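Hi,

Here is the structure I said I'd pass on to you. Have a look at it first, and my notes come right after.

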Amino acid sequence: MGFWQRFLQLDRKWIFLGIAIVVIIPLIKPIGLPIKPTKPVIDLFTYIDTLGPESGPVMVVTGFDPSTMPELMPMEQALLRHCLTKGIPVISFGGLYPAYIGMAKMAIDEVSADFPDKKYGEDYVFLGFIPGVSAVILSIGIDIATTFGNDYYGTPIDSLPMLRGVKNYSDISLVVDVSGTSTPEYWLMYAQERYGVNIGVACTAVSAPAYYAFLQSGQFVGMMGGMKGAAEYEELMARKGYPTGRRNATIGMDSQSLAHLLIILLIILGNAGYFIVRRGERRRGIIRRKR
Amino acid sequence: MSISTSIWVWMAALLTLMVYSFLYKDNPFYRLAEHIFMGLSLGYTLTILWYNYIIPRVYEPLFLPPHQWSLIFPILLGIMTFGIFSKKYSWLIKYPLAFYVGGYAGLRIPLLLQSWIIRQVEASFLTPDKFTSLMSSINAILIFAGLFATLIYFYFSKKREHGFGAAAQVGIVFIMVAFGAAFGYTVMARISLLIGRMQFLIHDWLGIM
Amino acid sequence: MKKRVPLVITFVTGFIVIISFFIPHRPFGPLETDTLIWYSIILGFTLLIGVDSLVRLHVRQMRRRKEGWWYSIVFFTGFFYCLVIGIISIMRTPNPFQPGTIFFYGYKTILIPLQSTMFALLAFFVASASYRAFRARTLEATLLLIAAVIVMIGRVPAGYKLWTRLPGIANWVFNVLQMGAMRGIMIGVALGAVAMSLRLILGIERTYLS
Amino acid sequence: MILLLALAFSISAKDTPDDGGGSITVNVYNIPEGTARIELSRLEKGDMLYKEAGLIPIFKGECDDASVVDGIGYLYRGKAIAKDTFYIAEMEGFVTSSPQWFNKSRITVLIFLILFGSVVLTYIQLAKKNPEGLFIRKLPALDAIDEAVGRSTEMGKPVLFVPGLEGITDAGTLASLTILEMVGKKVAEYGSRVIHPNFDPIVMTTAQETLKTAFAEAGRPDAFNKDDVFYLTYEQFGFAAGVDGIMLRERPGAIFLQGYFYAESLILAETGYSIGAIQIAGTNATTQLPFFVAACDYVLLGEEMFAASAYISREPRLLGSIKGSDLAKVVLLFMIGAGVIFGTIAGIAKQGGNPTYMQIFNKMLEFLAKGAK
């Protein structure tokens, strides 16, 4: 078998090894390639940046579990950090499914630790999980207090100073659904279409293509897609001089670059080998037919 | 180099390596991790079920004051699903299933029409403001052509000859470009997951970074 | 008779839910949220059926001593460990996901790594699929290939370093070329789903009752 | 503090449209510069004093007062509080809230629903009368199914059919059951075996039923082994790992991945590719289609699955839906096409100083947007 045949029969294990190496090296010694923010992320960032301490609170909804944490946790933390730095009141909602509350807790604990001056109940509030999915989204449109009853720690909603003037969506300036599933569509259908509240979305790279259609039709205010979206948001925060904490997404982007380059190389090599082998066979085939 | 001392981090790291051993070949370590995973996730699903459905939805509203007696009906319907365990009463499951299917279909129709069809058609309208610059007009026409050709590709009532076949060919070109873009985007998502796990192994476990 | 009543239930529920979308007035308006609650109660019960058939599968494997039956023991230990710990922590603290409970600890240190590692396996499979399955056999496959490469290179800082206009081109492929086709596919799938839901409500579609 | 009756700052209230009653929408206009808070107070007919009724968010200038009782008259007063002064806005004439029987903003959705529904139903009746009359073009993937099952049985290998992760109410799962029936008949004819791991218990019982009838119709009722259709797990990645295990152990010659899949689609397709099986996929999960196209031999794209199941079964209900969807596509295309032409004419006319067309065009768009609002 010629070199190319053996090359195409390359065992999967070598490719796996290649990817592992290419991902690990930059994590140990980062390269620091420049990040260029794109329009959807800029739109989301500027919308939040225009808000201030007296505008309606931003509700950050946690919608991811461990399997999509690497992409979405940096996004949630960047959003919380941005709001707390600007003094924008922020409601962290523990999510529509029980699996997400642990993630929400991790995010709010890590970020609030960097803002000792911010007080719970006045600058940020943490609402726990309640069952019902779309029923929950609908009832927030009517009255937040009756929907939740009390916050994650058990204190009644109406005794939280921050939520005093906040009754339902008409008092909320933005809902950002940080989701690894299709919940942004629920927020679109049950919140934006029925109550007109602005919705931003922070999603995995795989669901970003589907949401571009909703972004272009103006249903979403802005969007962060994949770890690159998170890195862009961290970059915009840094450019404005806001504290970013450990920029996990940006560190990850170097490995992302190398991994992409390797995959593109694999595609080219795979096809080059495929065509060379096929042309070789056709040439030999012609020779045989000639005889 | 400060290797972590917590046995939980070690357990998580070992489990991660056991799962990745599948990449070398299907081996007992992987099978072990696979079955631990299936057992835990089943136990986990049952706990959520108990904590999220049975207590807040069934037990509390029924037995605690402001008794919502109307909840008897869905609970009765729910109990009928257990009919599936016995040969004789297996037809009982048809009733809760009927309610579940009716409710699900009824909810989806208006919302699908509103968000997936009307909203997308409305956004595809080429309003003059989309023709501000040369580039935006070309883009608007390309988006419209993409939609037009894709709908022709998914048209099943006509054989694909001459003109109609050509439009379908253009349609599949747009569709394949859309798939390529989505594939490229998804590669990013998968790689960032791997980066997340590697960060855990290198940073939290081995403490190198 | 056994088939007639369920069909009537499906029709009545579906019809009422559709009307309540259009009629905000007293009896119909709030019906939508009530149906959602009833719907999730029944969903909870169907989960239990799934759990039962899985436990029976593993019991059968163990009784028959099929090759690798001891894996089922591992399965049951994992299952009971998680169940017992879960129920205990529900007894003790109202929310088993409160970071203090053992259940959350087990969830965070065992289930999280397992689930996300399983998910991260995909990166390796994407790489090997790109090398082996990704052939420019036809015109369409070539286009899929080119678009994928453009987007992959454009969405990464390395691409920006190679040629500053690459991110712009990747975005153009996304916002323009991909938009029309994705919208066409969405409309098509949505029409199919609406037609199917109509058939379900009107009792024309009955496979779920077979 | 001087009481400034600002002429500019004004308030108005009306019954919240398209709602179940019990709510009044209050709007405030030209909010003075530097307002920190706008307090809202309400006077019930017959009372003497205004009572506190919450705050109006400044950035929106509008809020819904959902604590009103239908039929009772209310008067609202807005008090915009700036740093050292405040402004009052009052209104004349009481406002009462009332429920509406029809949500006018959803008229477009109703029209679409009625039109599309009646088109699908008429086609279903037509299909019942003469199923052959309705033409659906043949999909290449269907020939591939014959070829795949044939080759797999020649090599003495079983066929693996994976039904996706969604329940019985998903359009993709139902289409996969129809395709399962066709595959089942073929497998029975060739005397081979079909393995069917399941994620959803109800789909499992339905699949057992489907295969039993398929084997009976192919004249081999005894060849069907009930244990080949079994429940695997309820967790996404446990399922993917379990199916991979089956692929590596049973080494099927042909693999069918038909139904609604999530991220595990590539794990299945890649492992299937690595054992050299012919893979025929079909899914209505648009996000997973690229993987199947990259890794499988044949793919039914979204709607093609529904068309395939209609073509195979020639069932009036499936034929009717496909024909209905096709007609809807033609109508939508004409609508958008007409919109484009009319829009451009209106645009040109506007340049030429005659804006009437443009107003009609905008009214058309508004009507459509109302449906989408």
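Below is what turned up when I went through the model chain by chain. Keep in mind that this is a predicted model.

Let me begin with the B–C contact. Chain C and chain B each put 94 residues into it. On the side of chain C that touches chain B, the elements giving two or more residues are helix 1 (4-22), helix 2 (31-63), helix 3 (70-92), helix 4 (102-132), helix 5 (139-154) and helix 7 (166-201) of chain C. Helix 7 of chain C supplies the largest share of that side, at 23 residues. If you sort that side of chain C by class, you get 70 nonpolar, 19 polar and five charged residues.

Next, the nonpolar cores. The largest one has 328 residues, and the members that touch the most others are Val177(B) and Leu122(C). Which element gives the most to this core? That's helix 6 of chain B, residues 162-205, with 22 residues. Val177(B) is worth pulling up on screen: leaving aside residues up to four places away in sequence, Val177(B) touches Leu143(C), Ala147(C), Val173(C), Leu177(C), Gln178(C) and Ala181(C). Apart from the largest core there is another one, of 19 residues, and its members include Ile11(D), Ile56(D), Cys63(D) and Val68(D).

That brings me to chain D. Chain D has 10 helices and 14 strands. Its C-alpha trace spans about 95 × 50 × 40 Å along the principal axes. The radius of gyration of chain D is 31 Å, whereas a compact globule of 373 residues would come in near 21 Å. Of those 373 residues in chain D, 49% count as buried. As for the contacts in chain D between residues at least 6 apart in sequence, 70% of them join residues at least 24 apart.

One local detail in chain D: strand 7 (residues 74-81) and strand 8 (residues 86-90) form a hairpin, with four residues between them. The two strands of chain D pair in the antiparallel sense, over five bridges. Within that pairing, Arg77(D) has Glu90(D) in strand 8 as its bridge partner.

Last, chain A. Chain A is divided into two pieces: domain 1 covers 3-30 + 254-290, and domain 2 covers 39-246. The C-alpha centres of domain 1 and domain 2 of chain A lie 42 Å apart.

Shout if you'd like to go through any of this together.

Cheers

Notes. Residues numbered from 1 in each chain as written. Chains lettered and ligands numbered in written order. Predicted model: local features only at pLDDT ≥ 70, side-chain atom pairs only at ≥ 80, totals over all residues. Rg over C-alpha atoms; globule rule 2.2 N^0.38 Å. Buried ≥ 20, exposed ≤ 12 C-beta atoms within 10 Å, placed from the backbone. Contact = placed C-beta atoms within 7 Å. Domains from an automatic or database assignment. Pairing = 2+ DSSP bridges. Core = buried A, V, L, I, M, F, W, Y, C linked by C-beta atoms within 7 Å. Nonpolar A, V, L, I, M, F, W, Y, C, P; charged D, E, K, R; others polar.
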